[in-house]
Amino acid sequence: MSHSNTPKTLHVATPGSLGPVTPEEASLLEKLDLGRLPRHVAVIMDGNGRWAQKRHLPRIAGHRSGTQSARTTIETCARLKIETLTLYAFSVENWRRPKTEIDFLMALLREYLRKEMPLIQKNNIRMRFLGRMDELPAGVQNDVRDAMEKTAGNKGMVLCVALNYGGRAEIVDAMNAILSERNGHGTSEDKVTEEQLSQHLYTEGLPDPDLLIRTSGEMRVSNFLLWQIAYAEIFVTETLWPDFNRARLLESLLEFQKRERRYGGIREGEPSDEKPARAAGH
Ligand code: FPP
């Protein structure tokens, strides 16, 4: 798993990468070290319903407005040369919502994939989807496949959309994949290792998130990337998702840079008489 205190991004953006910025964004950018950004940012986009309610609008208006925040976050992260961005769009628990809201969310996602494809391509973004795709409506499955195929050759940021996603379901799916691979080959001596499990998760090949952002103030992980966020810095903001703009994103990145990451070890440079007992502390 990716534990490293070396510079986070493989390629470093320049302050000009974002194009024209507001005075607020400029002052945040000035404080941000573009060579030390998280490699993987994961976002729980929460608060669309409350945003709409505050404006006496139907909940779906909040979701529609939330797509604008998704667009801004995707484009900004790509331009900052963040390697991976994961957005939690629909959880396995979200099927409990009213059918009209579910249908709207699915239609919104399909519309988004169609309309935003030029922006995705322009920014050289490769798309992945995390979750149980086979349980989604056939039309959504087609669009998902299409988006992955169209962007498969892109070499920029990886954008993961968590769709019909559950962290526990993902771990169960990984274990079952390992069991079916071993079917008839393994012995009772074979133990599953952390590395093997990681390699069978939906996020196979991606670095674990270094930063988890949750909007709308709830202090919960909500079954999101349970395995992968083991060492992530968690940033909870009161901002509702439709109000999460570029300045709020830059603020979250700055907050990440203020945190000290120890991965269960001791601070770098802290006096110690001994060498670490093991290579990676937990
Ligand atoms: C949480 O708000 C948000 C969702 C369940 C859906 C998120 C979806 C989008 C922003 C739209 C499309 C996304 C992409 C990637 C194109 P909530 O309804 O739980 O809000 P509440 O807690 O205030 O009720």
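**Exercise 1.** What should the 21 residues of helix H3 (residues 59-79) span at 1.5 Å a residue, and how far apart are its end C-alpha atoms?

*Solution.* The structure is a predicted model, and the exercise begins with the expected length. The expected span of a helix is 1.5 Å times one less than its number of residues, so for the 21 residues of helix H3 it should come to 30 Å. The end C-alpha atoms of H3 are 31 Å apart, which agrees with that expectation. Just after H3, lysine 81 takes a positive phi of about 65°.

**Exercise 2.** Is isoleucine 60 buried, partly exposed or exposed? Work out which residues it contacts, leaving aside its neighbours within four places in sequence.

*Solution.* Start with the location: isoleucine 60 belongs to helix H3. A residue is buried if 20 or more other C-beta atoms lie within 10 Å of its own, and exposed if 12 or fewer do. Isoleucine 60 has 18 other C-beta atoms within 10 Å and is therefore partly exposed. By contrast, the buried residues of H3 include Gly62, His63, Gly66 and Thr67. Once its neighbours within four places in sequence are left aside, isoleucine 60 is in contact with Glu101 and Phe104. The C-alpha atom of isoleucine 60 is separated by 9.7 Å from that of isoleucine 102, although the two residues are 42 residues apart along the chain.

**Exercise 3.** Determine the strand order of the open sheet, and place H3 relative to its strands.

*Solution.* The protein has 9 helices and 6 strands. An open sheet of 6 strands runs in the order E3-E4-E2-E1-E5-E6, with parallel pairing. Strand E3 (126-130) and strand E6 (233-236) are the edge strands, each pairing on one side only. From one strand to the next, the twist averages 20°. For one of the pairings, strand E5 (residues 211-214) is joined to E6 by 4 bridges, the two running parallel, and leucine 212 has isoleucine 234 in E6 as its bridge partner. Helix H3 lies across strand E1 (40-44), E2 and strand E4 (158-165), and runs at about 160° to E2.

**Exercise 4.** Which residues come nearest the ligand, and which elements each supply at least two residues of the shell around it?

*Solution.* Of the 19 residues around the ligand, those that come nearest are Asn48, Gly49, Arg50, Gly66 and Tyr112. Helix H2 (48-54), H3, strand E2 (84-91) and helix H4 (99-115) each supply at least two residues of the shell. By type, the shell around the ligand divides into 10 nonpolar, 7 polar and 2 charged residues. Gly66 is also among the buried residues of H3.

Methods:
Residues are numbered from 1 along each chain as its sequence is written. This is a predicted model: local features need pLDDT of at least 70, side-chain atom pairs count only at pLDDT 80 or more; totals for chains, interfaces and linings use all residues. A residue is near a molecule or strand if its C-beta atom, placed from the backbone, lies within 6 Å of it. Ala, Val, Leu, Ile, Met, Phe, Trp, Tyr, Cys and Pro count as nonpolar, Asp, Glu, Lys and Arg as charged, and the others, Gly among them, as polar. Two strands pair if DSSP finds at least two bridges between them. Axes are lines fitted to C-alpha atoms, for helices over the stretch in contact, and angles run from 0 to 180 degrees between N-to-C directions. Two residues are in contact if their C-beta atoms, placed from the backbone, lie within 7 Å.
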